[in-house]
Amino acid sequence: MSRIKEFNLPDLGEGLTEGEILAWLVKVGDTIELNQPIVEVETAKAAVEIPAKWAGQVQAIFHPEGTTVEVGTPIIAIDTDPGAGPIETSTTTDLPTPSAASLAAVEVAPAEGAVEPGLIGGPAPGGRTAVLVGYGPRTTAAKRRPRKGATPAQASAAPAAPAPVQASPAPVQAAPAPAPAAPVAAAPTVNGNGRAAGPVLAKPPVRKLAKDLGVDLGALTGSGPLGSITREDVQRAAAAPAVAEPLAVTVPATAAASFGADREQRIPVKGVRKLTAENMSRSAFTAPHVTEFLTVDVTRAMKALDRLRDRREWRDVRVSPLLLVAKAVLLAVKRHPMVNSTWAGDEIVVKEYVNLGIAAATERGLIVPNIKDAGRLTLRELADAMTGLVQTAKSGKTSPADMSGGTLTITNVGVFGVDTGTPILPPGESAILAFGAVREMPWVHKGKVKPRLVTTLGLSFDHRIIDGELGSKFLRDIGDFLADPEAALLAWT
Amino acid sequence: MAKGDPGASTRGRRATPRSRKAATADPELVQLLTPAGERIDSVTGPDGTEYRVDFTDEEYRGLYRDLVLVRKLDAEATALQRQGELGIWASLLGQEAAQVGSGRALRTQDMAFPTYREHGVLYCRGIDPIMPLGLFRGVDQGGWDPNEFKFNMYTIVIGAQTLHATGYAMGVAMDGKTGTDDGEAVIAYFGDGATSQGDVNEAFVWAGVFNSPLVFFCQNNQYAISEPLERQTRIPLYRRAAGFGFPGIRVDGNDVLATYAVTRHALDNARHGQGPSLIEAYTYRMGAHTTSDDPTRYRIASEVEAWQAKDPIARMKAFLEREKIADASFFTEIDEQARREAVDLRERVLAMPNPEPGTMFDHVYPNGSPLLDEQRAQFSKYLESFEGSAH
């Protein structure tokens, strides 16, 4: 058995599929004992410490803290016999000799500092991402047992020759450790799903269906649990044309309309989308939301903005209606501090500071960075902060710190040309304001119907904390400010 | 192992250092060894029964060895689960004294019905500790012979084993195996959560009215997974027995000596034909309900710390040291033995073979069935349809 052993993330609690690396308790090069805690992992069920399965020396750590790792994925490599000297290629004579290209890849592994030693993720030749030896995106068909009686073409699909060069991507090694060529072939290969390739997973009835339809299970990518192949996968493969051709953009008029998977797109839920979904579901089903609306004549406010823009010291500043809304919210919070609070189970945390979130649509999806302590900023500082925040968000450089700690949020749905909505609270916040489009509308002004600039405000609040009266007063104050900012400023400040 | 029969010869027995009677702080709790490791000579229960133990030094050391080994093997199993070698594990951490005390109180002829957490009782019954690991690894059904060891299979269904035990105990009585000093007794293990189950209450009814030779041994570890005791009962659990017409008593479940004394007395009553009784061993689950559970989500750290101070092993060690029954070399030796047995257990678990798929047909019926044979044949034919198939 190879002396370098990789430890795969186990299913820590009956049917879990992934876990998040909370903290590594060891680092590359550490000597560890059997059952010594090496890593804290949080699953959907519990945060637990995992004890080392083998004594030895930590050779590589594959996932940094904060990453979510699928069950069955290697997370750490341990040299179980570090006293035996450098790892020689000759110790693995039964394994394919590493190709020149893969050795070259080892040499040009990212310089120290490019990535944290021992962590994957650094760039590698060929535009690939560096991963540990033998573990990386699959570029060849998974090895599998061919079914007796399978068609020759399918049966020979599994490569008999040693895996091509790409199968052994560059490792990122701790500086003093020699390149462990040994596990190149011993380590599990990984299929397209990022799962270790073992036997093809499929339920017996699915296997029978595949056999009946002449579909090669090994050539399929499973969409079921644990990457298993489902009945639908097999049927789709059977329905697909024998020779893979680019999908025709236009469907012949004679073709029967299909409402199946071939006309559906499946998008993996991850990243911002996953986070957004989790936050929205959590908030929607824990905080009882109430939404109130108020339509306001903002003609005066828009004129005030114009005057502001005309001032010389504001010449280079981006002045938008959203700025006034932000100011209105901040002033209204001062009058109703309770709306700037958090429900914490058995107590309500009312905050004296306002970290004002601005929901921003970016290419990565919805993010909500916030302006820290916005209540203390002058209008000019607020304008600069909002401009910076939006630019950072659009360029995709918003840091996690920018997005955490928000206390109250504005979502500017007006930029999409709609009037209002019922926003969902960011978790931990008690109020969120939707700012709709500013339109010219017929409006009763001084007893006559006149064209005026009108907008609709939608305020959602956490009804556990904020009663209808407080929510209404808060919204009313925002509306009063937007109806006549100068008067409100004079009256309130 | 430890016998400590009340009334047996006192030759070689250690005189209890401090002769105190029933001076426990909690009058509802039978305790012979305080958390600080001080011995209490004897305690008189509410019905006038005097509880005491008279052990030799060797027997005291033996109990300590049991406690340490049982804890170490349990910890190793927990580690094996974290390393992906077991599917799940229900740790007994904190409940060692309740299990060793009651397990050692059993006589050879007595029958025990466990839950899935009685690894300590299993150990006391002389069953190889590897046995339950096959069950939790998913390679076998945990198949020890219940008749050989007088220890039934682990029961996962909460409280179901109390009914099995009641039926078994009724059978023992019908066979005329009670009424003498060598009579048989039955013990049924369950937890505080199980007391809310219908099964357990039915068992109380049946065992009561049939005067069955049965000891209901409830390890009250304070939590039914995440549900605290106050959601299970408005009165101390042991007092429930009164409503069913048999005696109930609460013992310090972290005190191996008191648990032994109380259990031995209840078993002897049962074997003499005096009917069932309920023991509430008051203890605490120091770990998670199972490895799938995160107790920090429903318990506060200070509570765990308070129970840490009542640790069953620490108090026994303090007692052995104070009375000079054991020295440092003994403790070192026990720790080394525990380490060796844990390593051995680990190696044997890792070496467990995966069962052939066909073996799933083996133990459905004792003598097989034509339908099963047909299924087995179809299944093996299916497996053979894969080239080079070992399975």
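Visitor: How many residues does the contact take from chain B and from chain A?
Guide: This is a predicted model. The contact between the two chains draws on both sides. Chain A gives 19 residues to it, and chain B gives 16 residues.

Visitor: By class, what does the side of chain B that touches chain A have?
Guide: Three classes appear on that side of chain B. Charged residues number 4 and nonpolar residues 4. The polar residues number 8.

Visitor: How many helices and strands does chain A have, and what share of its residues is buried?
Guide: Chain A has 18 strands and 12 helices. The chain runs to 493 residues. Of these, the buried share is 34%.

Visitor: Among contacts in chain A between residues at least 6 apart in sequence, what share joins residues at least 24 apart?
Guide: Take the contacts in chain A between residues at least 6 apart in sequence. Those that join residues at least 24 apart make up 66%.

Visitor: Which feature does UniProt place at residues 201–238 of chain A?
Guide: In the model, this span is 47% helix and 0% strand. Its end C-alpha atoms lie 18 Å apart. The name comes from an unreviewed UniProt entry: "domain: Peripheral subunit-binding (PSBD)".

Visitor: In what order do the 4 strands of the open antiparallel sheet in chain A stand?
Guide: The sheet is open, and its pairing is antiparallel. From one strand to the next, the twist averages 40°. The order is β5-β4-β2-β7.

Visitor: Why is one side of β5 and of β7 in chain A left without a neighbour in the sheet?
Guide: β5 (47–51) and β7 (68–70) of chain A each have a single partner strand, so one side of each lacks a neighbour in the sheet. Both strands stand at the edges.

Visitor: Which residue is the bridge partner of A:Glu20 in β7(A)?
Guide: Strand β2 of chain A covers residues 18–24. It runs antiparallel to β7(A), and 3 bridges join the two. In β7(A), A:Glu20 is partnered by A:Thr68.

Visitor: Is strand β12 of chain A mostly covered or mostly uncovered?
Guide: Strand β12(A) spans residues 356–362. Of its 7 residues, 5 are buried. The strand is mostly covered.

Visitor: Which residues stand opposite A:Gly357 in β14(A) and β15(A)?
Guide: β12(A) pairs antiparallel with β14 (residues 370–371) of chain A over 2 bridges. It runs parallel to β15 (residues 408–411) of chain A, with 4 bridges. The bridge partner of A:Gly357 in β14(A) is A:Asn370. In β15(A), A:Gly357 faces A:Thr409.

Visitor: Which residue in β13(A) is the bridge partner of A:Ala361?
Guide: β13 (residues 365–367) of chain A runs antiparallel to β12(A). The two are joined by 3 bridges. The partner of A:Ala361 is A:Leu366.

Visitor: In chain B, what is the strand order of the open sheet with parallel pairing?
Guide: This open sheet has 5 strands. On average, its neighbouring strands are turned by 20° against each other, direction ignored. The order is β3-β4-β5-β9-β8.

Visitor: Which helix of chain B packs on the sheet, touching β3, β4 and β5?
Guide: The helix covers residues 160–174. Its direction makes about 170° with that of β4(B). It is α6 of chain B.

Visitor: How many bridges join β9(B) to β5(B) and to β8(B)?
Guide: Strand β9 (residues 277–282) of chain B has 6 of its 6 residues buried. B:Ser277, B:Ile279 and B:Ala281 point one way, and B:Leu278, B:Glu280 and B:Tyr282 the other way. β9(B) runs parallel to β8(B), with 5 bridges. It also runs parallel to β5(B), and the bridges there number 6.

Visitor: Why do the buried residues of α11(B) line one face of the helix?
Guide: Helix α11 (residues 312–322) of chain B buries B:Pro312, B:Arg315, B:Met316, B:Phe319 and B:Leu320. Seen down the axis of α11(B), the buried residues line one face because they fall within an arc of 135°.

Visitor: What covers the buried residues of α11(B)?
Guide: The cover includes three helices of chain B. One of them, α2(B), has 10 of its 10 residues buried, so it is largely enclosed by the rest of the structure. Together, the cover includes α1 (57–82), α2 (96–105) and α9 (256–271).

Notes. Residues are numbered from 1 along each chain as its sequence is written. Chains are lettered from A and ligands numbered from 1 in the order in which they are written. This is a predicted model: local features need pLDDT of at least 70, side-chain atom pairs count only at pLDDT 80 or more; totals for chains, interfaces and linings use all residues. Two strands pair if DSSP finds at least two bridges between them. Axes are lines fitted to C-alpha atoms, for helices over the stretch in contact, and angles run from 0 to 180 degrees between N-to-C directions. A residue is buried if 20 or more other C-beta atoms lie within 10 Å of its own, exposed if 12 or fewer, and partly exposed in between; C-beta atoms are placed from the backbone. The arc is that of the directions from the helix axis to the C-beta atoms. Two residues are in contact if their C-beta atoms, placed from the backbone, lie within 7 Å. Ala, Val, Leu, Ile, Met, Phe, Trp, Tyr, Cys and Pro count as nonpolar, Asp, Glu, Lys and Arg as charged, and the others, Gly among them, as polar. UniProt positions are given in the numbering used here, feature names are shortened, and annotations may be inferred rather than shown by experiment.
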